[in-house]
Amino acid sequence: MGLCRFLFFVVVVLLFSSSSSVDACDRCPHHSKAAFFSSASALSSGACSYGSMATAFFAGHIAAAVRCHNPTLCSTKGTTVMVTDLNMSNQTDLVLSSRAFRAMAKPVVGADTDLLRQGIVDVEYHRVPCDYGNKKMLNVRVEESSKKPYYLAIKLLYQGGQTEVVAIDIAQVGSSNWSYMTRSHGAVWVTDNVPTGPLQFRFVVTAGYDGKMLWSKKVLPANWEAGKTYNAGVQITDIAQEGCDPCDDHIWN
């Protein structure tokens, strides 16, 4: 799976994967190294079309999920972060915001500062289900590049579960004449075959060891507008399985 979408991970020292997307058996612990952005300006936005919205998600813990292996400085529970971009460094798998990096420290005065001085730390990470707090429903944002009635570009927000959307179909509400959307880049899906009237979507998601279809029967009104966000009326709660027993049930304390 690509990292150009939000993924939730737990970290005992959170880290990012630089050379590839998260491999199979996401819930199994991955061992690597993590660094952090030393400048706050580096966190002004996320990639993959999330832009400045990325900094508003999950208390600014932007990166991947990790857990630190330094017993002197780091807590045993780690922290949870979001993946919003690819890290191109060949020194670490994960590059965290300094806030997320400090969150791995023990709850002792000065421990977070001492952890920052390490620069790069050994970590463990794995993927966990997404939880957006009071945002309980999947949202569909109509991107500014959309040009009614000929072109529609959307981005999914607040996607729950531990899975991925791998395909999206679109149709007029009440119609069985479905057409497919194409992933343009990052988190954006597009179509130049836009039905008229109010619009419904079908999301194909990875679930269990295979996949399933989730039908959102009315998402966009007939008068949808670019730049606006609409409630999909459904939520993805599925957990994808990777067949990596015994790691599937591994839980960090």
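Here is a friendly chat between a biologist and a modeller about this predicted model.

Biologist: Let's start with the whole chain. How many helices and strands does the protein chain have?

Modeller: Happy to begin there. Of the 253 residues in the protein chain, 51% count as buried. Among contacts between residues at least 6 apart in sequence, 72% join residues at least 24 apart. As for the elements themselves, the protein chain has 2 helices and 15 strands.

Biologist: I'd like to look at one sheet. Which are the edge strands of the open sheet with the order 10-9-13-14?

Modeller: Four strands make up this open sheet, and their pairing is antiparallel. Strand 9 and strand 10 are joined by 2 bridges, and one residue pair to look for is isoleucine 170 with its bridge partner in strand 10, serine 179. An edge strand pairs on one side only, which here gives strand 10 (179-180) and strand 14 (210-220).

Biologist: Now a charged residue in that sheet. Is aspartate 169 buried or exposed?

Modeller: Aspartate 169 is placed in strand 9, residues 165-172. Its contacts beyond four places in sequence include Trp178, Tyr180, Phe201 and Arg202. The relative accessible area of aspartate 169 is 14%, and the cut-off is under 20%, so aspartate 169 is buried.

Biologist: What about the tryptophan in strand 12? How far apart in space are tryptophan 189 and isoleucine 168, C-alpha to C-alpha?

Modeller: Tryptophan 189 lies in strand 12, residues 188-191, and counts as buried because its relative accessibility is 6%. Its contacts beyond four places in sequence include Leu152, Val165, Ile168 and Met181. Tryptophan 189 and isoleucine 168 are 21 residues apart in sequence, and in space their C-alpha atoms are 7.9 Å apart.

Biologist: On to the interior. Which strand supplies the largest share of the largest nonpolar core?

Modeller: The largest nonpolar core has 24 residues, and Leu152, Ile168, Phe201, Phe203 and Leu220 touch the most other members. Strands 7, 8, 9, 13 and 14 each supply at least two residues of this core. The largest share, 4 residues, comes from strand 13.

Biologist: And which residues are included in the second, separate core?

Modeller: As background, nonpolar side chains in soluble globular proteins tend to be buried together. In this model, the second core is separate and has 16 residues. Those it includes are Cys68, Cys74, Leu96 and Phe101.

Biologist: Phenylalanine 101 caught my eye. What kind of pair do the rings of phenylalanine 36 and phenylalanine 101 form?

Modeller: The structure holds 3 aromatic pairs. In this one the ring centres are 4.8 Å apart and the planes stand at 45°, so the pair of phenylalanine 36 and phenylalanine 101 is tilted. Phenylalanine 36 is in strand 2 and phenylalanine 101 in helix 1, 65 residues apart, so the pair links distant parts of the chain. To answer your question by name, the pair is tilted.

Biologist: And what kind of pair do the rings of phenylalanine 201 and phenylalanine 203 form?

Modeller: Both of these residues are buried. Phenylalanine 203 touches, among others, Leu138, Ile168 and Met213. The ring centres of phenylalanine 201 and phenylalanine 203 are 6.0 Å apart and the planes are at 15°, so the pair is stacked.

Biologist: One last thing. Which residue lies over the face of tryptophan 178?

Modeller: There are two such arrangements to show you. Lysine 148 lies over the face of tryptophan 224, at 5.3 Å from the ring centre. Over the face of tryptophan 178, at 4.1 Å from the ring centre, lies arginine 202.

Terms used. Residues are numbered from 1 along each chain as its sequence is written. This is a predicted model: local features need pLDDT of at least 70, side-chain atom pairs count only at pLDDT 80 or more; totals for chains, interfaces and linings use all residues. Side-chain values use heavy atoms; hydrogens and water are left out. Buried means under 20% relative accessible area, exposed over 50%, partly exposed in between (1.4 Å probe, protein chains only). Contact means heavy atoms within 4.5 Å. Two strands pair if DSSP finds at least two bridges between them. A nonpolar core is a set of buried Ala, Val, Leu, Ile, Met, Phe, Trp, Tyr and Cys residues joined through side-chain atoms within 4.5 Å. Rings of Phe, Tyr and Trp (its six-membered ring) pair if their centres lie within 6.5 Å; planes under 30 degrees apart count as stacked, over 60 as edge-to-face and the rest as tilted. A charge sits over a ring if NZ of Lys or CZ of Arg is within 6 Å of the ring centre and within 35 degrees of the ring normal.
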